[in-house]
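Visitor: Got a minute to walk me through this protein? I'd like to start with the overall picture and then poke at a few spots.

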Amino acid sequence: MIMQTSSKKQLKLVKSSGGGEKNVASEKDGKSLLTIDKYYQRVEWYAQRIRKTHDIGEITSILDTVLSEIRELHHNNELSSSREQILYAVQKIESLRHELELIRGLVQTDQMTGLFNRRGLDEHFTREAARADRNKGQLCAILIDLDNFKEINEIYGYRFGDSALIHFARIVKDTLRPSDAVARYGGEEFVILLPDTRTDEAVRVMQRVQHTLVSRAMLNTNNQPVSITFSGGIALRQAYEHQYSVMRRAEEALSRAKNTGKSRIEIA
């Protein structure tokens with residue numbers, strides 16, 4: 001952040017029409033001085049906001065605002081030394097913002113599959129739910145569990161099991177739209193969020209995923225295809241329904257699917 005220094009522009013001493021001297025500034029200089037003074041105050045205010053939050057997204061938003069105000073100050077007719085300080089501050093803040101975005105990605109991402117983790121899912125759900133309520137739109141949440149995954153680990157080994165999770169994640173990402181989101185919920189469980197999607201459309205999406213899993217089957221060490229299937233529970237979010245309630249209904253639907261033969265999709 002830029003610190004106030006002695007190089008800050010001072011008011012000019014000019015003669016008044018009455019012959020006396022008084023401290024005044026030209027309209028241009030007065031505007032610049034006022035801008036700098038306010039900027040120093042706002043820098044400290046932003047710094048205090050950053051100290052009070054642990055939300056990387058909020059910190060990034062604050063830095064975006066600071067960058068915007070610094071660039072606006074840079075366009076004013078300031079002293080060259082002040083301009084150099086401003087440019088240096090812009091570079092440092094942009095670098096910090098980039099690093100925070102990288103950290104944010106790591107915090108919200110499951111390192112094995114590259115999907116959202118629960119933290120990332122929570123943030124995405126909050127954003128999509130707010131958009132759905134604002135636009136009176138629909139949002140489907142699907143809870144998925146890979147069938148017989150324990151047996152897959154026992155027969156083929158845990159390394160193969162990890163590869164199966166990565167394989168499934170890749171297929172789901174290839175099948176979904178860019179606006180959809182998928183997260184690893186835990187173990188072999190996954191959550192898919194489908195904005196602007198009815199339940200019948202969500203069923204068709206899951207059927208496409210199942211079909212792709214069959215057509216792109218994994219091979220074991222003997223080059224034999226290994227069947228990987230999943231069961232799912234679909235819950236259509238009601239207006240202003242909390243995430244916990246939506247996921248509880250999806251979990252109940254998933255339980256019915258698992259208890260009635262697996263490789264099935266049930267609607268809450």
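Visitor: What share of the area that the protein chain exposes do carbon and sulfur atoms supply?
Guide: Keep in mind that this is a predicted model. The protein chain exposes about 15800 Å². Of that area, carbon and sulfur atoms supply 50%.

Visitor: How many helices and strands are there, and what percentage of the residues is buried?
Guide: The protein chain has 8 helices and 9 strands. Its length is 268 residues, and the buried ones make up 41%.

Visitor: Among contacts with a separation of 6 or more, what percentage comes from residues 24 or more positions apart?
Guide: Take the contacts in the protein chain with a separation of 6 or more. Residues 24 or more positions apart account for a share of 63%.

Visitor: On to α7. What distance separates its end C-alpha atoms, and what span should it have?
Guide: α7 has 17 residues, and at 1.5 Å a residue it should span 24 Å. That agrees with its end C-alpha atoms, which are apart by 25 Å.

Visitor: Within what arc do the buried residues of α7 fall?
Guide: The buried residues are Ala 202, Val 205, Met 206, Val 209, Thr 212 and Leu 213. In an α-helix there are 3.6 residues a turn, so residues three or four places apart point the same way. Seen down the axis of α7, the buried residues line one face of the helix, because they fall within an arc of 120°.

Visitor: Which elements do those buried residues pack against, and which residues are exposed on the other side of α7?
Guide: The buried residues of α7 pack against β3, α6, β5, β8 and β9. On the other side of α7, the exposed residues are His 211, Val 214 and Ser 215.

Visitor: What is phi near in Asp 196, and what about Ser 263?
Guide: Most residues other than glycine have a negative phi. Asp 196, in the loop between β5 and α7, is partly exposed at 47% relative accessible area. Ser 263 sits in the loop between α8 and β9 and is partly exposed too, at 38%. Both have a positive phi: Asp 196 is near 55°, and Ser 263 is near 50°.

Visitor: Is Ala 239 buried or exposed, and how far is it from Asp 133 in space?
Guide: Ala 239 lies in the loop between β8 and α8. Its relative accessibility is 59%, so it counts as exposed, the cut-off being over 50%. Ala 239 and Asp 133 are 106 residues apart in sequence, yet in space their C-alpha to C-alpha distance is 6.1 Å.

Note on methods: Residues numbered from 1 in each chain as written. Predicted model: local features only at pLDDT ≥ 70, side-chain atom pairs only at ≥ 80, totals over all residues. Heavy atoms only, no water. Helix = DSSP H or I, 4+ residues; strand = E, 2+ residues; numbered from the N terminus. Buried < 20%, exposed > 50% of the residue type's maximum accessible area, 1.4 Å probe, protein only. Contact = heavy atoms within 4.5 Å. Areas by Shrake-Rupley, 256 points an atom, 1.4 Å probe, with all protein chains shown as cover. Expected span 1.5 Å × (residues − 1). Arc of directions from axis to C-beta.
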